[in-house]
Amino acid sequence: MAQWEIGNYKFHTREEYRAGLRDMGKIQKILKCSDVENPKTALELYNAVRDRRIIFESIVGQRFTDFLISQFLNRFDEVKHQAKEKSVGRVIIRKTKSVIAACCVVTVLASSSYFAYYYLSEYKSTQALKELSESVARSELEMNASSNDVEETVLGSVDPGIPKGVIEAGKKDNLEVLTKYNNLYMENKDLAGWIKIEGTIIDYPVMLTPGKEEYYLNRNFKKKDDLNGLPFLNKETDLAKHNTNMIIYGHHMKTGEMFGSLQDYKNKKYWEEHKIIEFDTIYEEGQYEVMAVFPSKVYGQEENVFKYYQFVNAKTEEEFQYFLSNVKSLSLYDTGVEAKYGDTFITLSTCDYEEEDGRFVVVARKIEKANSKK
């Protein structure tokens, strides 16, 4: 039962309540400095929320963001209404002018409708992903809070070689799914892991559908149509056997969503501030250090060049060295990160619009993670 309230909003924990208070403080500052009923201002503020220049932490902030969206969407409705009225007047005045006016009206209605649909879809997609992230965080907190009880009451009845965080709750390939991902895995068994780069917008589930690799290119976690899609693994990925290189594909959205922000790695200073990528499979946690960043492209089959997207498993040390030497020589700058035969990698791949079929690639080597559950 809720113990804390802010207006009509009820909170079940002290931390949620404090997050609500922080959001209220931010909103009050915004209201003092900005005319939020102005559609242009509302859109600018929404963009700031979307780009995480303004960060809300609770349902209070989410509802304020909904209000901002309603303000600029209402303006689109007004534009439609005015355009329709003008088209009727022009039809009455002169037939030839009405044809031109009708064309203009169609353009206005189509562009404004798409604009509204785009922002609304983007917002819903972002909120859905945020809810998934919060679900994982809650599971992890609950797991940590009950770890002592779990150790005493459950570990005694399972294989002692299984770590605390992976007590049976869901299984795949006879392997234990990490407790913090179990709820999401039970909801969608295409879930393969989770990727996060601290201090960036990248904080997403990663999917795997070997039979149809690009299934989540334009679908969300609920398998519904979504412009953003979700990051997904190369179809040859085998989570149970530990590939040498796991390739993760993601859209380059111009809003920065999905893997759009990977382009920032073109700047060495950005790399210096975001060297570590966290990528957990559903079976184990993982941490990776960025080793190389470079532009590439999808080449023709007949072109005898290095194709990063064909390297998944190194059958020999020579194959390993071929991959390593190529990614390091292609890198836009020297990261100083080395690798040896037996190391494993993740490769993040997204579109690069600077050339036809262009790609931008970030390769990272797996490192030891403190307190990792293996």
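This report covers the strand pairings, two helices, the nonpolar cores and two loop residues of a predicted model.

**Ground rules**

Because the model is predicted, local features need pLDDT of at least 70 and side-chain atom pairs count only at pLDDT 80 or more, while totals for chains, interfaces and linings use all residues. Residues are numbered from 1 along each chain as its sequence is written, and side-chain values use heavy atoms, with hydrogens and water left out.

**The chain as a whole**

The chain has 8 helices and 12 strands. Helices (H or I, at least four residues) and strands (E, at least two) are DSSP runs, numbered from the N terminus. Of the 374 residues, 46% count as buried. Buried means under 20% relative accessible area, exposed means over 50%, and partly exposed lies in between (1.4 Å probe, protein chains only). The accessible surface of the chain comes to about 20500 Å². Carbon and sulfur atoms hold 51% of that surface. These areas come from the Shrake-Rupley method with a 1.4 Å probe; for residues, only the protein chains shown count as cover. Among contacts between residues at least 6 apart in sequence, 61% join residues at least 24 apart. Contact means heavy atoms within 4.5 Å.

**Strand pairings**

Two strands pair if DSSP finds at least two bridges between them. The table lists four antiparallel pairings.

| Strands | Sense | Bridges | Citation |
|---|---|---|---|
| E5 (residues 191-196) and E9 (residues 276-281) | antiparallel | 4 bridges | |
| E9 and E10 (residues 287-297) | antiparallel | 3 bridges | |
| E10 and E12 | antiparallel | 10 bridges | |
| E11 and E12 | antiparallel | 7 bridges | |

Single bridge partners fix the register. Lys 196 is bridged to Glu 278 in E9. Ile 277 has Tyr 288 in E10 as its bridge partner. Val 293 is matched with Val 362 in E12. Thr 347 takes Val 363 in E12.

Two of these pairings are hairpins. E9 and E10 form one with 5 residues between them. E11 and E12 form another, with 6 residues between them. In the E11-E12 turn, Asp 357 has a positive phi of about 60 degrees. E12 is mostly covered, with 8 of its 10 residues buried.

**Nonpolar cores**

A nonpolar core is a set of buried Ala, Val, Leu, Ile, Met, Phe, Trp, Tyr and Cys residues joined through side-chain atoms within 4.5 Å. The largest has 46 residues. Ile 195, Tyr 265 and Ile 277 have the most contacts inside it. E5 gives the most to this core, with 4 residues. Apart from it lies another core, of 21 residues, including Tyr 249, Phe 294, Phe 311 and Leu 324.

Tyr 265 has a long contact list once its neighbours within four places in sequence are left aside. Among its partners are Ile 277, Val 290, Val 293 and Val 362. Others include Trp 271, Tyr 333 and Phe 360.

**Helices H1 and H8**

H1 (residues 14-33) has 20 residues and reaches 29 Å from its first C-alpha to its last, close to the 28 Å expected at 1.5 Å a residue. The expected span is 1.5 Å times one less than the number of residues. In H1, Ala 19, Gly 20, Asp 23, Ile 27 and Ile 30 are buried. Seen down the axis of H1, its buried residues fall within an arc of 100 degrees, so they line one face of the helix. The arc is that of the directions from the helix axis to the C-beta atoms. The face turned away from this buried side carries the exposed residues Lys 29, Lys 32 and Cys 33.

H8 (residues 317-330) has 14 residues and reaches 20 Å, close to the 20 Å expected. Its buried residues are Phe 320, Phe 323, Leu 324, Asn 326 and Val 327. They pack against E8 (245-249), E10, E11 (345-351) and E12 (358-367).

**Two loop residues**

Ser 261 is found in the loop between E8 and H7 (268-273). Ser 261 counts as buried because its relative accessibility is 10%. Leaving aside neighbours within four places in sequence, Ser 261 is in contact with Ile 201, Ile 202, Gly 256 and Tyr 270.

Glu 354 lies in the loop between E11 and E12. Glu 354 counts as exposed because its relative accessibility is 66%. Glu 354 and Pro 295 are 59 residues apart in sequence and 9.2 Å apart in space, C-alpha to C-alpha.
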